[in-house]
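Reader: I'm new to reading structures, and I keep tripping over the vocabulary. Could you walk me through one and explain how the words get applied?

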Amino acid sequence: MSDELERTRQFLHQHHGGNGERAAERTLSTHERNHDADFQSFWETHTPRGDNLHIVDLGCGPALFLKQQAREHPGFRLTGIEIAPYMLARIDDKPDNLEIRIADLNAPGKAVFPPASIDACLANMLIHELFQPVMLFQALYHWIKPGGVLILTDTVRQPLKSFLNHRFPDTDFSRDPLDAPSMNDCFRDYFEHNRYTAKDIAELLELCGFDLIEQQNLRDGRATRIAARRP
Ligand SMILES: C[S@@+](CC[C@H](N)C(=O)[O-])C[C@H]1O[C@@H](n2cnc3c(N)ncnc32)[C@H](O)[C@@H]1O
C-alpha cells in the first residue's frame with residue numbers, strides 16, 4: 001500500500017471519530033436521509049436517460065446507492081470508489097454489474113477511468129473529506145463524457161455558534177465546566193466540515209471547466225446540492 005493511501009486512511013479514521021465500525025453504521029443509518037425523495041428527483045432530473053449507462057459513486061461507503069441502481073437498472077455498469085477498510089467491509093452481496101475499486105480521490109490520477117467513459121457521477125458527502133477537491137474535479141472533467149453530469153451534495157460553512165450549539169445543546173458556555181478533549185475535537189471537526197461555502201464549491205467546479213446546471217440550499221443552508229455538466 002502506498003504511503004499516500006495510508007496517510008489518507010489515517011486521516012479519515014480520525015475524521016470518522018476514531019471508530020470506523022461506528023462510522024460505517026452511521027453511514028448505513030443516514031442513507032435514507034441522504035438519498036431521500038428530493039435527492040432522487042434531483043438525480044432523475046439531471047442525469048442522462050439510457051439502458052447501458054456507466055454510473056460512478058465517489059466515496060460510495062457501503063454502496064447502498066449503487067446496489068439500488070443495480071436493482072432498478074440491470075443494464076447499467078456501476079462503479080464505486082472507496083478507500084476506508086471499514087466501509088469496504090460493509091459491501092456484501094455485490095451485484096454482477098457492480099465493481100468496487102480502491103483509490104485515493106485526493107489525487108486520483110487520470111488513469112482510474114478511461115477518458116469520456118462516465119455518464120453520471122455522484123459525490124455524496126465526499127468533498128469535505130478530501131484534502132482538496134481540485135485534482136478530483138480536473139480528473140472528472142477528463143473521465144465524464146461530454147454532456148455527462150456530476151451530482152454533488154456536501155456540508156458547507158455555517159456559523160461557528162450554531163455548530164457549537166448543535167454539538168452541545170445543553171451546555172451554558174458562560175458557566176458550565178468544559179472538557180478539553182471534546183472541545184478540541186469539536187473545533188477540529190468544525191474546520192473539517194466547514195471548509196467551503198456553497199459558492200466556493202460551485203466556483204471550483206466552474207474553474208475546472210464544468211457548467212453549473214442547478215444548485216440547491218439544503219438543511220437551512222448547512223449543505224448544498226449541485227448538478228454540474230461536463231460540456
Ligand atoms: C460521509 S461518507 C458518505 C458515504 C456515501 N457517499 C453516502 O452518502 O452514504 C464519505 C465517504 O467517502 C469516503 N472517502 C473519503 N475520502 C476519500 C478518498 N480520499 N478516497 C476515496 N474515498 C474517500 C469515506 O471513506 C466515506 O465512505
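Reader: What makes the pair formed by a side-chain atom of D104 and a nitrogen atom of the ligand a polar contact?
Author: Keep in mind that this is a predicted model. A polar side-chain atom of D104 lies 2.9 Å from a nitrogen atom of the ligand. The cut-off for a pair of N or O atoms is 3.5 Å, so this pair counts as a polar contact.

Reader: Which backbone atoms pair up with ligand nitrogen in that way?
Author: A polar backbone atom of L105 is 3.0 Å from a nitrogen atom of the ligand, and one of A103 is 3.4 Å from a ligand nitrogen. As for how much of the ligand gets covered, the protein buries 95% of the 590 Å² that the ligand exposes when taken alone.

Reader: How many residues surround the ligand, and what are they like?
Author: There are 21 of them, and the closest are G59, E82, D104, L105 and N124. Sorted by class, the shell has 10 nonpolar, eight polar and three charged residues.

Reader: Why is T155 called buried?
Author: Its relative accessible area is 16%. Buried means under 20%, so T155 gets the label. You'll find T155 in strand β5, which covers residues 144-155.

Reader: What does T155 touch?
Author: Leaving aside neighbours within four places in sequence, T155 is in contact with M125, H128, H193, R222 and A223. With H193 there is some detail to add: the side chain of T155 reaches the backbone oxygen of H193 at 3.2 Å. The side chains of T155 and D154 are joined by a polar contact of 3.5 Å.

Reader: How do you know that the buried residues of helix α2 line one face?
Author: Start with the residues themselves: in α2 (residues 20-29), G20, A23 and A24 are buried. Seen down the axis of α2, the buried residues fall within an arc of 100°, so they line one face of the helix. On the other side of α2, E21 and S29 are exposed.

Reader: What covers the buried residues of α2?
Author: The cover includes α1 (3-15) and α6 (85-88).

Reader: And what makes the link between N19 and E21 at the start of α2 a polar contact?
Author: A side-chain oxygen of N19 reaches to within 3.3 Å of the backbone nitrogen of E21. With the cut-off at 3.5 Å, this oxygen and nitrogen pair therefore falls inside the limit.

Conventions: Residues numbered from 1 in each chain as written. Predicted model: local features only at pLDDT ≥ 70, side-chain atom pairs only at ≥ 80, totals over all residues. Heavy atoms only, no water. Buried < 20%, exposed > 50% of the residue type's maximum accessible area, 1.4 Å probe, protein only. Helix = DSSP H or I, 4+ residues; strand = E, 2+ residues; numbered from the N terminus. Arc of directions from axis to C-beta. Contact = heavy atoms within 4.5 Å. Polar contact = N/O pair within 3.5 Å; in protein donor to acceptor, adjacent residues only side chain to side chain. Near = heavy atom within 4 Å. Areas by Shrake-Rupley, 256 points an atom, 1.4 Å probe, with all protein chains shown as cover. Nonpolar A, V, L, I, M, F, W, Y, C, P; charged D, E, K, R; others polar.
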